[in-house]
Structures are given as structure tokens and as C-alpha cells.
Amino acid sequence: MAERTDKELIVAIQKGDIESFENLVTRYQNKLLIFIYGVTHDKSLAEEIVQDTFFNIYKTISRVDVERKFSSYIYKVAKNIAISYLRKQKNDLSLNETFGLAAVSDDLYEDAVKKENQEKVWKALNLLEEKYREVIKLYYFKDLSYKEVARALSLPLNTVKIRLKRAKDALRRIINYEKQ
Amino acid sequence: MKNSKLTQKIMKKVVTFEKKRVIIWILRAIVLVFGFGLIGLIVLGFVSQELARTGSFELLTLFGEDKEVIAEFWQETVLTFWEELPKREVFILIFSLIITIIIIILAKKRWPIIKRKINGLEKYKKSLNNKNNEK
């Protein structure tokens, strides 16, 4: 039998089929665990958050819009729950930095995949010279434009562009080197 | 990572929650239907008693007469009967009847979902029992 789509599963759950929810859980729990573990670095906390995420989704399943992408929705719920957990723990880290999301894209599933490489990027970033690191941080993490970076660092626009290009090349080299 | 345990934990939570929700739904439906039904019956009893006391039911014997007699007097009879009805009680009776019907319609509409949930809960209960026995 062909595997049922998310939409079919959700419609079935909305019609009272509890087993379909188990299918949904098996489909997403590992992906969510990886995503949340990347944020919390704590396995038991990640499991707790994943449990809460699924439980919350089940409670509100009748309100889930089946026409919208479910993967995005579930990551959004998981992210919100993780944030409230981290808030509860009075984590000092800036939440946006934790998630590496200055601007959260709609498709959190894709973000989750990207995030797998985030730690590597952070490590590589620390190996860069300060002048390159600050350009990367402002442009990518603070989401500033070239002009705004130039203004913030009192540098000519072209210098910012060149530094950014060099920084990206250096990062790529470091990451590739570490892969080997 | 092995996550069948996590799935079980999640499903256990869901099943417990759903069990509670289904029980509450059933109890609420029963209480509402029987509650409004009972109110309706009590009021109906009162109205009947009142009509019997005033002898208003005798007015309705007109409808056992010949057609010509009925045609001539039915409007007047119905009007008189209406006049003698205890209005407030009749409104309560109609209101509780409408509410009971609405609740029954809504419950009937939702029943297939609840039934499916009950079947699902039964299955999970069995599988949990089997797992406990295996242990």
C-alpha cells in the first residue's frame, strides 16, 4: 500500500483515527529530535519538547489547515515550545542566535536541514580573522545590507563586499578541510 | 537513536488524553439530553395538569364532531385553547424541546468520530495489555 501523505493522515486523525497519529509521530519524531537537539544539546529535554510538540498538535488537530504544509507547521510548533522551555530555564542565550535565525523563513523544515551544518559554520567562523568575522556576523546574523555593514564598520562599500567574499571563501575552505 | 519508546510515550499521553476527552464528551451529551429532556417532561406534566384542571382538554373534543361543525368553530376553539395555555411553561417546554433536538442532531453528527476514537482506544488498550503481559 502506498504511504499516505501528511494531508491524508491529518484528515484521518480529524475523523477520529488515532492510529494515523502514530504514523505521523513515527514520520516526524526523528527529524524533530535532531532539530530540537541542535538547539538544546540535551537529549532528554529534546525528547520532552518533541513529546509536547506532538501532544499539542494532537490537541489542536481539528484546527490544522490541511491545505498548508504540515512539515512547516510542526517545526513552527516545536520551535515555539522549545523557546518557551528555554525561557523557563532562563537561558542566557539570545534565542535568535540559538536558532541561528535572524529572520525565520516560512519553511522551517528546510531550516532544520540547514541547521545541521550550523555548528560547523560557527566553529569555522571562530577561526577567521576578526575583520572577516565581524563582516559575516553583521551581514548574515544581524541581517544588515552591504551599505549598513559599511556604515556600521566605517568602511567603503567595496571593502565590505571584498571582505565578505574572502570570508566566505575562507569559511568554505575550513569546512571542506574539516570534512576531509 | 531508538525512538519506538518515544513513540510509545507520546501515544500513551495521547491515548490518556483522548480517553478522558471521549468520556467527558459522552457524559456531557447524556447530561444535556437527559437534563433538557427531564425539564421538558416536568414542564409537560405541569402543563397537562393545568389544562386538565381548567378543563381545556374538553375543548379539543370539537375535533371529533362533524366536518361542518369543525369548520365553523375550529378557529374559536383553538384561540380559546391557546388563551388557556400557561404561556411561560409552554415556552419553556418548546425551548427545552428545541435544545434537546439540537443536541441530539449535533451528537449524531459527531458520533461516527467518537465511535472511531473508541475503537482506536480499544485497540491501544489491547496492545498496551499485550505489552504488559510480554513483560
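Which residues have the most contacts inside the largest nonpolar core? In this predicted model, they are A:I36 and A:A78, and the core to which they belong has 30 residues.

**First stop: the largest core.** Select A:I36 and A:A78 together, and then bring up the helices around them, since residues of this core are supplied, at least two from each, by helix 1 (6-14), helix 2 (18-40), helix 3 (43-59) and helix 4 (70-88) of chain A and also by helix 1 of chain B. If you colour these helices separately, look for helix 2 of chain A, which gives the most to this core with nine residues.

**Second stop: the surroundings of A:A78.** Keep A:A78 selected and add A:L32, A:F35, A:I36, A:I49 and A:T53, which A:A78 touches when residues up to four places away in sequence are left out of the count. Another core lies apart from the one just visited; this second core has eight residues, and to find it you can select A:L138, A:V149, A:V160 and A:A167, which are among them.

**Third stop: chain A as a whole.** Switch to a cartoon of chain A, where you will find ten helices and zero strands. Colouring by burial is informative here, as 26% of the 180 residues of chain A count as buried. Among the contacts in chain A with a separation of 6 or more, 60% are accounted for by residues that are 24 or more positions apart.

**Fourth stop: where the chains meet.** Select the residues of chain A that touch chain B: 18 residues of chain A are in contact with 17 residues of chain B. On the chain A side, helix 2 and helix 3 each supply at least two residues, and the largest share, nine residues, comes from helix 2 of chain A. Colouring this side of chain A by residue type divides its residues into eight nonpolar, five polar and five charged.

**Last stop: the helix of chain B.** Select residues 4-54 of chain B, which form helix 1, with 51 residues and a reach of 74 Å from its first C-alpha to its last, close to the 75 Å expected at 1.5 Å a residue. Within this helix, show the side chains of B:L6, B:I10, B:M11, B:V14, B:V15, B:E18, B:F36 and B:V43, which are buried. When reading such a list, recall that an α-helix has 3.6 residues a turn, so residues three or four places apart point the same way. Finish at B:G55, which follows helix 1 of chain B and has a positive phi, near 75°.

Definitions and conventions:
Residues are numbered from 1 along each chain as its sequence is written. Chains are lettered from A and ligands numbered from 1 in the order in which they are written. This is a predicted model: local features need pLDDT of at least 70, side-chain atom pairs count only at pLDDT 80 or more; totals for chains, interfaces and linings use all residues. Helices (H or I, at least four residues) and strands (E, at least two) are DSSP runs, numbered from the N terminus. The expected span of a helix is 1.5 Å times one less than its number of residues. A residue is buried if 20 or more other C-beta atoms lie within 10 Å of its own, exposed if 12 or fewer, and partly exposed in between; C-beta atoms are placed from the backbone. A nonpolar core is a set of buried Ala, Val, Leu, Ile, Met, Phe, Trp, Tyr and Cys residues joined through C-beta atoms within 7 Å. Two residues are in contact if their C-beta atoms, placed from the backbone, lie within 7 Å. Ala, Val, Leu, Ile, Met, Phe, Trp, Tyr, Cys and Pro count as nonpolar, Asp, Glu, Lys and Arg as charged, and the others, Gly among them, as polar.
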